[in-house]
Amino acid sequence: MKKPCAKLAILAAVGLSSAWSQTSSTGPSASPSSLSFSYTVNSSTLPASAKLKVSLPAAASSSTVISVVPAYPAGTPSAETGWLSVAPGSGVSPLTLEVLANPTGLPPGSFTASLAVTTSPNVGALTVPVTLSISNPPANLVVSPGETTTNFTAASGSTPATLTFSYTTGSAWNLQASELDVSTNGGIIPFNVTAANAKASGSSTTPVWLRVAPQGAAVTSTQTSGVAVAGSDVPIMVSLDPTTVQSLLPGSYAGTVTFAATSTANGTDQVAVNLVVSAGAPSVTSIFPYSIVQAPAVNPLITINGQNFFSTSVVTLAPAGTSANNQCTQNGTPTQVTSTLLSQNIMTATVSNAATLFASPGNWCVCVTNPAPPNAPNQTPACTPTAPVDYTFTVVSNSQVSVSSVLNAASYQQTATQIGTNQDPVTAGQTSIAPGEIVSIFGQNLGPTTPLPATPQAAPAIVSSSAPLNATLNTSALAATLQFTVTSSSGSTPVTVNFASDPNVSNAENLGNIAAYINGITMGLNLGNMASVNTVLGSTYLTLTSPTTGSGAGIAVTDDTASELLGLTTAGNNVTVNGADMSFPFQLDGIQVAFQFTNAHTSVLTTLYAPIIMVAANQVNVMVPSGAVSGIGGSGATLIVQNGLNMASLSNLVLVNEDPGIFALSGEGTGQAAVLNYNPTTGAYTINSSKNTAPQGSTIVIYATGLGILSTPLPDGVAASAADKVTDPVQVTIGGQPSVVTYAGTSPGSIGGLTQINAIVPPTAASGSAVTLTIAGGTAQTARASQTEVTLAVK
């Protein structure tokens with residue numbers, strides 16, 4: 001730090017003190033009996049003149065002349081004489097005098113003189129003491145830039161000293177704090193520093209974006225303080241709050257940093273701060289939805305995610321051209337659509353007259369354009385990306401099966417909120433799913449016109465190849481036969497498939513022929529057709545299904561060369577699978593749902609079918625298979641819906657450990673939560689509502705999904721018959737207060753993905769008919785939280 005130059009503020013103070021008049025019965029008297037004057041160096045206000053009245057006693061002749069002259073103590077330097085004047089110099093009693101002290105040219109100090117009063121004829125004499133006190137002005141604060149501060153402009157004329165900052169929206173934050181050094185021109189001065197918006201810069205609506213702090217402070221604020229000493233500097237760091245600045249719209253903003261001494265006598269200094277926010281180029285990361293059925297009856301609302309969106313941003317639509325730079329391009333004349341700015345990162349666009357605009361199937365490109373700034377006149381629009389995920393807006397045929405979105409069936413949200421310390425694996429616009437999570441799949445032509453709920457029933461045992469198979473296999477090279485045992489309530493039947501007797505055996509036998517050969521053998525054993533071939537997104541699997549259902553049904557495959565070739569076992573591992581007495585189906589009304597992902601540990605492409613809860617034309621509810629846990633940390637998952645011969649898929653689903661959501665009575669993930677109150681006296685469970693509130697300290701039951709895998713794995717689709725806790729911790733917060741969780745796991749009689757949470761309403765929770773309720777699942781690193789729009793009624 002450098003020693004600042006002195007910058008003096010001129011202050012003046014003038015004072016006059018007096019004493020009561022002294023009287024003498026025989027000589028002259030003066031009122032006041034003494035005079036004092038004061039002056040501050042460099043003040044433009046000189047000491048005011050003072051009145052002095054000299055009187056004689058009544059016995060004195062009225063013609064007696066009173067004379068008054070200034071007198072200085074012996075030895076007074078000549079340069080310090082002459083400062084005292086009096087007029088008139090003589091007169092008769094009572095004599096009123098004008099006394100003047102002139103400090104011009106005198107140094108700071110205390111100067112004494114007197115007014116000598118004599119009379120003629122002599123009736124006595126009198127001396128009136130006079131004091132002139134000259135002081136230096138009070139010390140002032142001096143503010144100057146630090147040695148490394150380059151954005152400071154010194155004051156000039158009526159223009160104050162100024163700091164200038166510039167920020168371009170959407171850019172990485174790299175604005176450094178500026179140092180201002182505070183010292184004094186004499187003395188010790190405590191001072192306060194305040195950062196504020198300038199009064200003419202939207203101070204009532206714009207958050208304060210300036211921050212101040214001592215050098216080295218970890219926390220910045222809009223206020224700080226210090227003590228300035230002459231000869232040394234107190235560094236004050238002036239910075240910008242990133243969160244506030246990044247929320248500002250492009251434009252110029254004015255602020256002030258005020259340095260105010262705690263004593264007003266020591267003055268105030270102020271530095272103006274200018275902030276220029278320039279608009280960066282927009283970018284689009286995703287849109288939702290990115291497909292729609294042709295000729296929609298309702299004009300669609302499109303949510304656009306990205307950055308550098310402003311009230312001046314314009315959204316356009318046009319038929320999609322060839323992708324360029326991983327973005328779609330627009331053909332023809334774009335159509336502007338009505339848009340609403342929600343934040344710099346989110347816009348919505350409503351497509352008017354969509355029935356006409358989207359009358360035919362096709363691909364459309366959505367773009368956002370900002371007014372080009374002077375420094376970038378060729379700034380281009382930002383359009384929906386085509387890689388790594390293709391968000392080109394697709395208008396699909398109204399006869400085609402399509403999937404538009406996958407949401408948590410409880411929260412109706414694409415993803416939960418990351419609250420753990422790990423980086424959020426889900427980026428804006430992406431959808432996350434967790435093993436065991438109940439999800440709602442939305443689209444068109446997914447199922448029957450009339451919604452059809454699934455009824456849990458006895459299920460067969462099913463064994464499928466663990467990895468995709470080639471379309472043809474070398475059955476002639478098999479050194480062993482395929483062996484498996486089929487069990488039922490009536491007993492067990494061993495099955496031996498000797499491929500040497502297969503009439504189609506070859507080094508490239510078609511999988512369909514292999515399945516037919518297996519079925520020929522199982523038919524001969526009165527087991528029916530057990531083998532089938534399924535193809536999902538080009539990946540083919542062989543499946544064995546037991547002829548009977550229920551927990552007594554089973555298939556035990558012996559590991560050998562044949563079973564390994566067919567993907568039914570892995571080396572050294574036999575496989576045994578049983579049916580279930582109560583299970584949700586994996587196929588309902590000809591509809592199947594599968595999740596395909598790459599195993600994050602083995603890199604094997606895996607396809608798992610999901611148990612179905614309900615199907616309808618525009619919605620299918622399923623449970624994400626628990627085996628999807630092996631895909632967490634991988635490249636993501638793809639959802640496939642098969643309706644008869646028609647199929648639709650949705651990719652880029654992010655597999656996470658937990659993705660919690662709370663079921664609400666509205667069925668839309670908001671409002672009153674699906675919660676039961678528990679009465680320990682009667683043992684009764686009743687529905688929580690504004691008319692049936694839960695007392696503080698009482699137990700409630702919350703219904704949720706997406707809280708991860710169970711401690712004791714339950715086969716997918718099987719209805720829980722016993723309590724089984726989820727593996728990772730579960731947290732419940734009621735009205736902002738943490739709750740004690742006594743149980744979080746399966747709900748008897750329900751599919752494993754439905755989680756029952758027993759929690760205690762905190763004694764400190766606020767009462768009310770709509771107290772906020774949130775849950776979270778996961779470790780300190782991975783935890784994710786549910787939606788915030790559900791409530792609980794608390795007494």
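This passage walks through a sheet, a surface patch and one threonine in a predicted model.

Start with the sheet. Five strands line up in the order E32-E50-E49-E45-E46, and they form an open sheet with mixed pairing. Sitting at the edges are strand E32 (431–433) and strand E46 (605–609), each of which pairs on one side only. Going from one strand to the next, the twist averages 40 degrees. At the E32 edge, the partner is strand E50 (residues 646–655); the two run parallel and are joined by three bridges. Here, Ser-432 stands opposite Val-654 in E50.

Next comes the surface. Ile-188, Val-227 and Val-229 together make a nonpolar surface patch of about 260 Å². One of these residues, Val-227, is found in strand E17, which covers residues 223–229. Is Val-227 buried, partly exposed or exposed? Its relative accessible area is 47%, and since partly exposed covers the range between 20% and 50%, Val-227 counts as partly exposed.

Thr-119 gives another picture. This residue has its place in strand E9 (residues 109–120). Its relative accessibility is just 9%, and because buried means under 20%, Thr-119 counts as buried. What does the side chain of Thr-119 reach? One contact is with the backbone oxygen of Gly-124, at 2.9 Å. A polar atom of the Thr-119 side chain also lies 2.7 Å from the backbone nitrogen of Val-123. So the side chain of this buried threonine has polar contacts, which are pairs of N or O atoms within 3.5 Å, with the backbone of Val-123 and that of Gly-124.

How values were computed. Residues numbered from 1 in each chain as written. Predicted model: local features only at pLDDT ≥ 70, side-chain atom pairs only at ≥ 80, totals over all residues. Heavy atoms only, no water. Pairing = 2+ DSSP bridges. Helix = DSSP H or I, 4+ residues; strand = E, 2+ residues; numbered from the N terminus. Axes fitted to C-alpha atoms, helices over the stretch in contact; angles between N-to-C directions. Patch = residues over 30% accessible without salt bridge, like charges linked within 9 Å, V, L, I, M, F, W, Y side chains within 5 Å. Areas by Shrake-Rupley, 256 points an atom, 1.4 Å probe, with all protein chains shown as cover. Salt bridge = Lys/Arg side-chain N within 4 Å of Asp/Glu carboxyl O. Buried < 20%, exposed > 50% of the residue type's maximum accessible area, 1.4 Å probe, protein only. Polar contact = N/O pair within 3.5 Å; in protein donor to acceptor, adjacent residues only side chain to side chain.
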